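Dear colleague,

I am handing over the structure we talked about, and below it you will find what came out of a first pass through it. Please read the notes with the structure open beside them.

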Amino acid sequence: MKHWEIFLAPYKQAVDELKIKLKGMRGQFEMESVHSPIEFVTGRVKPIASILDKANQKGIPLDRLESEMQDIAGLRMMCQFVDDIKTVVELLRRRNDFEIVEERDYISHKKQSGYRSYHLVIRYPVQTIQGEKNILMEIQIRTLAMNFWATIEHSLNYKYKGQFPEEIKMRLQRAAEAAFRLDEEMSLIREEIQEAQAFFSNKKDIHKDNKKNT
């Protein structure tokens with residue numbers, strides 16, 4: 001167990017650091033009172049059991065986990081609109097605190113299951129007392145609707161070990177298309193949604209100021 005703690009420590013550090021940095025991007029948009037393409041950011045390090053399961057499925061020797069398993073550490077960046085995903089990807093491409101080593105566009109090219117998301121595999125330098133350690137990690141960028149579908153599919157995948165009954169598979173594909181249609185419809189009224197959100201946000205700020213002054 002001690003070995004795993006030492007092995008996973010830089011991954012946990014990377015997730016903590018990047019969560020703060022990427023959440024900071026959202027804060028900058030808010031300070032400028034413009035729409036933030038980032039709704040929220042989450043992150044995690046894979047549980048040991050999941051690492052071992054995946055290593056077994058993919059035939060990855062344990063001594064090559066660092067170089068061959070790209071998602072031991074992972075972050076998710078949620079967006080309100082599909083177009084926001086492109087903006088976030090471009091913002092990440094311009095950063096110089098990590099290197100993008102691979103991009104996978106599962107939005108333009110969805111998986112057969114219906115899964116949609118944009119994945120970046122990055123090489124992130126973690127500063128440790130032994131020196132700099134470069135680790136691979138994955139950033140997934142998706143809409144809230146895509147995330148809802150992916151979360152459900154992930155849970156069912158554990159239950160059925162990837163072998164979905166035909167009816168479940170068909171319903172998941174239908175649900176994926178329904179989620180994408182929802183994203184498309186929301187994109188068509190994007191301006192009205194953003195105006196309403198800005199109005200609500202301003203009203204909240206005024207209410208806060210009034211309470212402070214009373």
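A word on pairing before anything else: two strands are taken to pair if DSSP finds at least two bridges between them. With that in mind, F40 has M78 in strand 2 as its bridge partner, and please remember throughout that this is a predicted model.

To stay with the strands for a moment, strand 1, which covers residues 40-45, is joined to strand 2 by six bridges, and the two run antiparallel. Strand 2 also pairs with strand 5, residues 131-143, this time in the parallel sense and over seven bridges, and within that pairing M77 has I141 of strand 5 as its bridge partner. Strand 2 itself spans residues 73-79 and is mostly covered, since six of its seven residues are buried.

Stepping back to the protein as a whole, the secondary structure consists of seven helices and five strands, and these follow one another from the N terminus in the order α-β-α-α-β-α-β-β-β-α-α-α. The C-alpha trace spans about 60 × 50 × 35 Å along its principal axes. Of the 214 residues in the protein, 36% are buried, while the exposed surface comes to about 13400 Å², with carbon and sulfur atoms supplying 52% of it. If one takes the contacts between residues at least 6 apart in sequence, 65% of them join residues at least 24 apart. As for charge, there are 35 positive and 33 negative side chains, and the centres of these two sets lie 5 Å apart.

On annotation, UniProt lists residues 43-164 as "domain: RelA/SpoT", and the entry is an unreviewed one. In the model, the end C-alpha atoms of residues 43-164 lie 27 Å apart, and the span is 36% helix and 34% strand.

Three individual residues may also be worth a look while you have the model open.

The first of these notes concerns A9, which is found in helix 1, residues 2-31. A9 has a relative accessible area of 38%, and because the partly exposed class runs from 20% to 50%, A9 is counted as partly exposed. Its C-alpha atom is separated by 14 Å from that of L65, although the two residues are 56 apart along the chain.

The next note is on S33, which sits in the loop between helix 1 and strand 1. Although S33 is not a glycine, it has a positive phi of about 55°. Is S33 buried or exposed? Its relative accessibility is 66%, so S33 counts as exposed.

The remaining note is on Y106, which lies in the loop between strand 3 (99-105) and strand 4 (118-128). Y106 has a relative accessibility of 19%, and because buried means under 20%, Y106 falls in the buried class. Which residues does Y106 touch, once those up to four places away in sequence are not counted? They are K111, Y115, R116, S117 and H119. By contrast with those contacts, the C-alpha atoms of Y106 and R44, which are 62 residues apart along the chain, are separated by 21 Å.

With best regards

Terms used:
Residues are numbered from 1 along each chain as its sequence is written. This is a predicted model: local features need pLDDT of at least 70, side-chain atom pairs count only at pLDDT 80 or more; totals for chains, interfaces and linings use all residues. Side-chain values use heavy atoms; hydrogens and water are left out. Helices (H or I, at least four residues) and strands (E, at least two) are DSSP runs, numbered from the N terminus. Buried means under 20% relative accessible area, exposed over 50%, partly exposed in between (1.4 Å probe, protein chains only). Contact means heavy atoms within 4.5 Å. Accessible areas come from the Shrake-Rupley method with a 1.4 Å probe; for residues, only the protein chains shown count as cover. Lys and Arg count as positive and Asp and Glu as negative; His and the chain ends are not counted. The place of a charge is taken as NZ of Lys, CZ of Arg, CG of Asp or CD of Glu. UniProt positions are given in the numbering used here, feature names are shortened, and annotations may be inferred rather than shown by experiment.
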